[in-house]
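User: Could you walk me through this structure and tell me how its descriptive words are decided? I'm in my first year, so please explain each word as you use it.

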Amino acid sequence: PPVTLASAELTGGSFDLQKQQVRAASIRLGGGRSQVMRDAEGAIPLLRMFTPLKDSPPEKSGFSTVIDRIELSDYAVALSDQGFQPPLAYDLEKISLDAGPLSLPPAKPLALALALQVKQGGSLRAKGSVDLKQQAGDLKLELAGLALAPLETLLRQQTTLTLVSGRAGSSGQLRWSSGKQPAVRYAGDATINDLELKIAASNEKLFSWQRFAASGIDYSSGDNRLSVSQLNLSRPYARLVINKDRSTNLAAIRRPQQTKTAPAAAAESAAEPGLAVNIDRVSVERGNMDFTDLSLVLPFSTYIQSLGGSISGLSSAAESRASLKFEGRIEDYGLARAEGAIQPFAPKKFTDIAVVFRNVELTPMSPYTATFAGRKIASGKLSLDLQYKLENSKLAGDNKVLLEQFTLGERVES
């Protein structure tokens, strides 16, 4: 059955005919389980059980009901969305609720405290009030350690990536109203920890981080905006490959989507203005990157350590440009630096980044130069000045290469 209940207890019940009121001191509900499923057509069968057979205004009996306290303990809810394959699913366990007083018809906001655990990993606490009459609410939320692995089915619909791990948390204030102009507002902080993404076909790690923290989040559906004061990325890893044709390994991540006709795309764009996004600052600390550029005359690959820096002024506003500056270490004495500007929400329109490598030992690059010169590298140091400009998903740039103390060694088959 879609809904079960192990026990129900009512205490302190009374009936006052003169006041036309039914009252209960408490209702205690214990155990049980509900299955909430969204089918492939987007319908939720459970809601049909509570949908009136025909639209008709409720009859006014003149009686009111007051329940001083409602308690729910050890309940479970299975959530699933069959619109994805495999289905997106989370199992909520050990749900407890303490609420009251509840008046019907609603007279004042209902105070409540909710707590639950997620079987796949994580917990949620909520405390505040819900106004049934005004269809509004104000809740303090505490989400901790929510496992993100079940969301991989969402990721695979749009990308060729595998979500190996990750846990999310958030602390903030949620307010909503459902009047003539429905609106949702959330203000708080959020984290995503221990995230790892791999390329599904090769099982190669593409991106990971230890901790991603967002502070000063302010989202408003009424104003259609999202602002964030600070994003901090700690111990990230990324693999970036520039191919011989100057395309990147990132270009193959997104799955091809069905192309909309021009009229349909224009109508959708006009009907739904995009979310206005503003992020004051993004900082990166203690990062690592595998970087390979196969488009150069001398193919180049290196491992950058202790990567740090920042991006300022991220915005979805038309013609906005964000400035970036990063620096990292290569081997014992080498240096990598990137500095420039980018139009973050339309990078094909404008990207201009200067990348500098200094004092890079060439010996580790032998597997690449062997195909170029037919020999191994005995010794040498490399410095690069690379100017990357992105246009129509292809890289173009003005590059300078400096070889110092360069010596070729024994010949190899190439």
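Analyst: Gladly! Let's begin with a sorting rule for residues: Ala, Val, Leu, Ile, Met, Phe, Trp, Tyr, Cys and Pro count as nonpolar, Asp, Glu, Lys and Arg as charged, and the others, Gly among them, as polar. The model is predicted, so local features need pLDDT of at least 70 and side-chain atom pairs need 80 or more, while totals for chains, interfaces and linings use all residues. Numbering runs from 1 along each chain as its sequence is written, and side-chain values use heavy atoms, without hydrogens and water.

User: What makes up the lining of the second largest cavity, by that sorting rule?

Analyst: The lining consists of Leu-102, Ser-103, Pro-106, Ala-107, Lys-108, Leu-110, Val-130 and Leu-132. Sorted by kind, six are nonpolar, one is polar and one is charged. Ser-103 is the polar one, and Lys-108 is the charged one, because Lys is listed as charged and Ser falls among the others.

User: Why is a space called a cavity?

Analyst: A cavity is a set of points on a 1 Å grid where a 1.4 Å probe fits but cannot get out, and lining residues have an atom within 4 Å of a point. Two cavities of 30 Å³ or more are found. The second largest has a volume of about 40 Å³, where volume means the space filled by probe spheres set on the points.

User: Why is Ser-80 called partly exposed?

Analyst: Buried means under 20% relative accessible area, exposed means over 50%, and partly exposed is in between (1.4 Å probe, protein chains only). Ser-80 has 22%, so it is partly exposed. Ser-80 sits in strand 8 (residues 70–81); a strand is a DSSP run of E with at least two residues, numbered from the N terminus. Beyond its neighbours within four places in sequence, Ser-80 is in contact (heavy atoms within 4.5 Å) with Val-36, Met-37, Arg-38, Leu-88 and Ala-89. From Ser-80 to Asp-91 the C-alpha distance is 8.5 Å, with the two 11 residues apart in sequence.

User: What makes Asn-203 count as exposed?

Analyst: Asn-203 has 53% relative accessibility, so it counts as exposed. This residue belongs to the loop between strand 15 (183–199) and strand 16 (204–220). Its phi is positive, about 60°, although Asn-203 is not a glycine.

User: Why is Asn-224 called partly exposed?

Analyst: Asn-224 comes to 26%, so partly exposed is the right label. Asn-224 lies in the loop between strand 16 and strand 17 (225–234), and its phi is also positive, near 55°.

User: How do you know that strand 9 and strand 11 pair?

Analyst: Two strands pair if DSSP finds at least two bridges between them. Strand 9 (residues 88–99) and strand 11 (residues 110–118) have six bridges, in the antiparallel sense. One partnership links Glu-93 with Gln-117 in strand 11. Strand 11 also runs antiparallel to strand 12 (residues 123–131), with eight bridges, and there Leu-114 has Ala-126 as its bridge partner. Strands 11 and 12 form a hairpin with four residues between them, and Gly-121 in the turn has a positive phi of about 130°.

User: Where are the peptide bonds of Pro-86 and Pro-101 cis?

Analyst: One cis bond joins Gln-85 and Pro-86, with omega about -5°, and Pro-86 is in the loop between strand 8 and strand 9. Another cis bond runs from Gly-100 to Pro-101, with omega near -5°; Pro-101 is in the loop between strand 9 and strand 10 (102–104).

User: How much of the protein chain is buried?

Analyst: Of its 414 residues, 32% are buried.

Key
On a 1 Å grid over the protein atoms alone, a cavity is a set of points where a 1.4 Å probe fits but cannot get out, and a pocket is an open set with protein on both sides within 12 Å along at least five of seven lines; lining residues have an atom within 4 Å of a point.
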